[in-house]
Amino acid sequence: MQMLYNILIYLPFYVSIAAAAIFMVMRRKKYSTTNIAIVCMFASVYFFCDAAFVGGTDSYATIVTLEVMAKYSVLFLLPSIVVYYKTEADSIEPHPTAYFSYAPALTVGTTSLVIYLKTGMNKLADFLHSVDMNGGMLPPNSETLLKVYWGINEYITGTILIVEIVAVFIHLAILYLRRRKREGRDYRLFFMMLSYFLALGFAATRVVLGREYLTDHRAISGFMSLFMAIGMTGAAYFHTEMKKSVGETAPEEPGQPKEKEDIQEPAPIFQTEGEITPQMAALKEQTGKISEFFKKEKPYLDPDLTLEQCADMMGTNRTYISLSLNSYYGKSFREYVNEYRIGYAKKYILEHRNSKLEEVAEVSGFKSGAQFSRKFKEIEGVTPLVWIRNQI
């Protein structure tokens with residue numbers, strides 16, 4: 001029974017660390033899974049400390065260390081979940097400001113670590129033990145650094161944790177609703193979120209119940225660990241299942257990779273079958289010169305390209321280009337440029353499968369990832385991430 005209990009309480013850790021390793025391998029081979037791998041790594045730290053915390057050690061210093069590590073790993077885990085789901089729902093890498101959500105955890109964690117190193121583990125453990133023996137009250141004449149450490153862990157860390165949990169629920173609900181409004185129901189994303197909440201919900205319940213209750217009721221603790229492991233397994237499964245199932249819509253020969261897409265020329269708005277009038281022939285010749293210039297010189301890769309600049313480079317005037325594109329393709333100069341940019345982006349993605357969308361946007365001539373994602377959906381009918389998944 002003791003062996004079974006030990007396996008159960010460490011099961012969430014094994015699942016999390018295995019998922020992190022798998023996603024890092026996937027990142028090198030197929031597509032970027034950095035954010036989900038980071039989530040799994042923080043989760044594995046928490047689940048390991050949590051399992052060791054309720055595992056029955058008698059060393060008070062060890063218990064204190066494990067409890068602190070579990071708290072701070074959760075403080076980092078919750079923002080990581082938000083950053084990951086923001087990538088999933090928005091179809092672009094999050095803005096660098098999104099990582100400011102780690103600031104509270106970094107601040108309290110660094111402060112606590114400095115005090116921890118300054119006072120020493122044994123002295124700190126003795127102090128916290130005396131607080132417990134004193135009914136949770138500070139003993140008289142306590143050192144200032146020890147008071148600060150106790151205050152951080154008793155009040156500040158708990159407050160940050162509550163705020164982060166509430167923020168995660170609100171943030172993920174907004175992201176899911178935005179994704180649903182934009183692309184319809186996404187059961188995979190819904191069940192992935194549900195799986196994480198199952199794991200974190202039981203983890204939070206264990207914290208509320210306390211170590212003494214869990215060590216006295218090992219069956220309850222074991223079942224909680226089992227459900228946490230199921231939650232982490234579900235989250236990992238729904239992430240990889242989407243990658244596999246979407247690509248099944250276009251069967252291919254075994255072992256034959258998809259051919260890289262060439263940059264396609266926009267289709268003309270009239271049929272060229274039958275007799276071609278001199279006006280049509282002249283118009284086709286004019287647009288052919290524009291097309292040849294775009295394919296050879298790639299002016300569309302300049303995010304600040306204007307119609308005037310393009311005309312200067314071709315040695316003509318803006319009216320010639322604008323009328324030619326509008327008459328032959330039924331498109332404005334800006335629409336024509338964006339189609340070339342999207343075509344270049346698709347080719348770049350297939351040649352650099354680990355590239356981030358912000359990088360793809362930059363090299364394709366877009367000024368931001370948001371602009372790239374918006375124009376991509378206008379032209380292709382799907383978001384960049386959905387298109388990428390169809391290529392796997």
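User: Where does lysine 298 lie?
Analyst: The model is predicted, so local features need pLDDT of at least 70 and side-chain atom pairs count only at pLDDT 80 or more, while totals for chains, interfaces and linings use all residues. Residues are numbered from 1 along each chain as its sequence is written, and side-chain values use heavy atoms, with hydrogens and water left out. Helices are DSSP runs (H or I, at least four residues), strands are E runs of at least two, and both are numbered from the N terminus. On that numbering, lysine 298 is in the loop between α10 and α11.

User: What is the phi of lysine 298?
Analyst: Most residues other than glycine have a negative phi. Lysine 298 is not glycine, yet its phi is positive, near 55°.

User: Is lysine 298 buried, exposed or partly exposed?
Analyst: Buried means under 20% relative accessible area, exposed means over 50%, and partly exposed is in between (1.4 Å probe, protein chains only). Lysine 298 has a relative accessible area of 33%, so it counts as partly exposed.

User: How many helices does the chain have?
Analyst: The strand count is zero. The secondary structure is made up of helices, and their number is 16.

User: What share of the 392 residues is buried?
Analyst: The chain exposes about 20700 Å², with 61% of it supplied by carbon and sulfur atoms. Such areas come from the Shrake-Rupley method with a 1.4 Å probe; for residues, only the protein chains shown count as cover. The buried share of the residues is 42%.

User: What percentage of contacts with a separation of 6 or more joins residues 24 or more positions apart?
Analyst: A contact means heavy atoms within 4.5 Å. Among contacts with a separation of 6 or more, residues 24 or more positions apart account for 72%.

User: How many salt bridges does a search of the whole structure find?
Analyst: The criterion is a side-chain nitrogen of Lys or Arg within 4 Å of a carboxyl oxygen of Asp or Glu. Applied to the whole structure, the search gives six.

User: Which residue forms a salt bridge with glutamate 143?
Analyst: The closest N and O atoms of the pair are 2.5 Å apart, and the partner is lysine 123. Glutamate 143 lies in the loop between α5 (121–133) and α6 (144–183) and its partner in helix α5, so the bridge ties together parts 20 residues apart in sequence. Glutamate 143 is partly exposed at 37% relative accessible area. Partly exposed at 37% as well is the partner, lysine 123.

User: How far apart in space are glutamate 143 and threonine 119, C-alpha to C-alpha?
Analyst: In sequence the two residues are 24 residues apart. Their C-alpha separation is 9.9 Å.

User: How many residues separate aspartate 304 and lysine 367?
Analyst: Their side chains meet in a salt bridge at 3.3 Å, N to O. Aspartate 304 sits in the loop between α10 (278–297) and α11 (307–314), and lysine 367 in the loop between α14 (357–363) and α15 (369–380). The pair links distant parts of the chain, at a separation in residues of 63.

User: Is lysine 367 buried or exposed?
Analyst: Its salt-bridge partner, aspartate 304, is partly exposed at 45%. Lysine 367 has a relative accessible area of 61%, so it is exposed.

User: Which helix holds both glutamate 378 and lysine 375?
Analyst: The two form a salt bridge, with closest N and O atoms 3.6 Å apart. Glutamate 378 is exposed at 53% relative accessibility. The residues are three apart, about one turn of the helix, and that helix is α15.

User: What distance separates the C-alpha atoms of lysine 377 and isoleucine 342?
Analyst: Lysine 377 also lies in helix α15. At 26% relative accessibility, it is partly exposed. Isoleucine 342 is 35 residues away along the chain, and the C-alpha separation is 9.8 Å.

User: What is the accessible area of the nonpolar surface patch that includes Ile174?
Analyst: Patches take residues with over 30% relative accessible area and no salt bridge, joining like charges within 9 Å and nonpolar side chains (Val, Leu, Ile, Met, Phe, Trp, Tyr) within 5 Å. Isoleucine 174 lies in helix α6 and is partly exposed at 46%. Ile162, Ile165, Val166, Phe169, Ile170 and Ile174 together have about 550 Å².

User: Which residues form a negative surface patch with Glu212?
Analyst: Asp and Glu count as negative, Lys and Arg as positive; His and the chain ends are not counted. The place of a charge is NZ of Lys, CZ of Arg, CG of Asp or CD of Glu. Glutamate 212 is in helix α8 (residues 211–216) and is exposed at 66%. Its patch partners are Glu67, Asp132 and Asp216.
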